[in-house]
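This report covers strand pairing and helix packing in one structure. Please have the sequence and the coordinates at hand while reading.

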Amino acid sequence: MKKFVKLMALLMAAAMLLTGCAGNNQSGNNTATRDDLVIGIVNEPTALIPSTAAYDAQSNGRIVDNIYEGLMYVDANGEIQPNIAESWEISPDGMTYTFKLRNDVKFHNGDTLTAEDVKYSFDECAKAGYSVEITDAFVETIAQDDTTFVLKIATPNAPMLRNLAVARGLYIMNKKVAEELGDKFPVAPVGAGTGPYKFESWESGQNVVIVANEDYRNGAPAIKKVTWKFIKEASTGAISLETGDIDIYADISMVDVPNLQNNDKIQVSLIQGDYVYYLCMNQKKEIFQDVRVRQAFAYAMNLDELIMAVTNGIGGTKTGSLTTPACFGYKEYAPVEQDIEKAKQLLAEAGYPDGITVEVAVCAGTREKIGETLQGMLKKAGIEVVFKSMEMSALAEYATGDQHDFLPQVAKGYIPDADSELTDKVVSDSWGNFSRMNVERVDELMALARQESDSAKRIEMYHEVQDIVHDEAHIIPLYYVNSVSAANANLKGFVTRSDLSYHVWEMSW
């Protein structure tokens, strides 16, 4: 009998051991021995090279982040740290940046990285045109020798060093590989990066696969194979996560969040993001040149109801600010609370006692939902809204031609600095200034702040800019877009990041 019990115990132990080592993808199974990861994303990338990563952070950028690296990086405390560049110097006039490169950085094909690769990457980024907030300042890029790269810029630029540290578009590519592959390079960049993961394959319409760089100078990552699976429908992505077909879904719909939060096999990471929706009123139109009309719009809106209608109540955080809390130069303003009678009074004082009729221009998706919700809200204050919906490309052309009355817009700063977060919204000749505000003092302050080396003075200037925009209601902030993603509860190191990226090298089972 004792022998029988002992035998059964051994058989059960063996069965448990086999089960634990199965490496099954199901959420409820023991994942301790796994070294693979499947990430669902809504959009297929358009290219896997740094120069296009700024164009589409949600698809291109997420994968690019794991393959390539920049000269520097910004740590969790917001400090600039060496990476490919081991040190740097800025000339006394602030217009020449000299970087000393590490001599032990290897590309995935074994080539040693040199200053020629850095020069090539910076030049390609400027040529691509997706990072003009940074590259428009470039005057010359110089590979002085194998380990010395020099960048010359047109004028002193206080945020430039941080811009260079965080810009995906300026990650370093292997020049030789890029030139040899030619047109194939953007879709099959084999050997092109120096990061913790190497490109392996791209099956159109299905997935991209990257694998661990076992020779990575900072140590090989724990996750050895990452499959980025394209799942266009958010509901399908949520179901795939629950069934264990994928381990992360990066583009969770707010509608699915409550259900996933109640699943103990799933971890949900919801954060306040750094995209902000705001209302642009075209101040080339006479009606919006009156500050009282613009203020009437602000008082007519109920931001809590707007967020509930558009994002299921959890997809946004209302704000009165155009900059984000993590941004250098941020200033907090309380959101305007709805006051219908105040809105009517302001319209009457502006000469419109019987109200006004204006058009909202939108495209399908969130902008359309915002427009529909505002249509009902504004009507209570005597503002009749005519709805105009069109494709995104047509909307861009419509707004660029100043045909719009008002429109909801969304944007984020390319860099967490008020120079980046405000320029395209408030500077008079910026393409993205769809409010068409043209305030001489604002333009002056933005130009001065970019060249000011004293951080305290820069902050003062950015605060004055934001005061002008806020007090004169040139632009009406609506809400910060909350970001959410979800993962297998057993996955360690998973988090939703405000830049939409996933640092897979920090994850493990």
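Which residue of β7 does Y97 stand opposite? In this predicted model, the partner of Y97 is L151 in β7. That pair belongs to the contact between β5 and β7 (residues 148-153), where the two strands run antiparallel and are joined by five bridges.

**The sheet**

Strands of a sheet pair through backbone hydrogen bonds, in either a parallel or an antiparallel sense. Here four strands make up an open sheet, and their order across it is β4-β5-β7-β6, with antiparallel pairing. The edges are taken by β4 and β6 (138-145), each of which pairs on one side only. From one strand to the next, the twist averages 20°.

The table lists the strand pairs with one residue pair for each.

| Strand pair | Bridges | Sense | Residues standing opposite |
|---|---|---|---|
| β4 and β5 | five | antiparallel | A85 and L101 |
| β5 and β7 | five | antiparallel | Y97 and L151 |
| β6 and β7 | six | antiparallel | E140 and K152 |

Strand β4 spans residues 85-90 and strand β5 spans residues 96-101. These two strands form a hairpin, with five residues between them. Within the turn of this hairpin, G94 has a positive phi of about 75°. At the β6 edge, E140 faces K152 of β7, and β6 is held to β7 by six bridges.

**A helix across the sheet**

Helix α3 (residues 115-128) lies across three strands, namely β5, β6 and β7. Relative to β6, helix α3 runs at about 165°.

**The α15 and α16 pair**

Elsewhere in the chain, helix α15 covers residues 440-451 and helix α16 covers residues 455-471. Their axes come within 9 Å and cross at roughly 160°. Because an angle over 145 degrees counts as roughly antiparallel, α15 is roughly antiparallel to α16. The crossing of these two helices is left-handed.

On the α15 side, the contact is made by R441, V442, L445, M446, L448, A449 and R450. Helix α16 contributes R458, M461, Y462, E464, V465 and I468. What is the make-up of the contact of α15 with α16 in nonpolar, polar and charged residues? Nine of the residues are nonpolar and four are charged, while no polar residue takes part. Among the residues in this contact are the arginines R441 and R450 of α15 and R458 of α16, together with E464 of α16.

Notes:
Residues are numbered from 1 along each chain as its sequence is written. This is a predicted model: local features need pLDDT of at least 70, side-chain atom pairs count only at pLDDT 80 or more; totals for chains, interfaces and linings use all residues. Side-chain values use heavy atoms; hydrogens and water are left out. Two strands pair if DSSP finds at least two bridges between them. Axes are lines fitted to C-alpha atoms, for helices over the stretch in contact, and angles run from 0 to 180 degrees between N-to-C directions. Angles under 35 degrees count as roughly parallel, over 145 as roughly antiparallel, 65 to 115 as roughly perpendicular and the rest as oblique. A crossing is left-handed if the near helix is turned anticlockwise from the far one by less than a right angle, and right-handed if clockwise. Contact means heavy atoms within 4.5 Å. Ala, Val, Leu, Ile, Met, Phe, Trp, Tyr, Cys and Pro count as nonpolar, Asp, Glu, Lys and Arg as charged, and the others, Gly among them, as polar.
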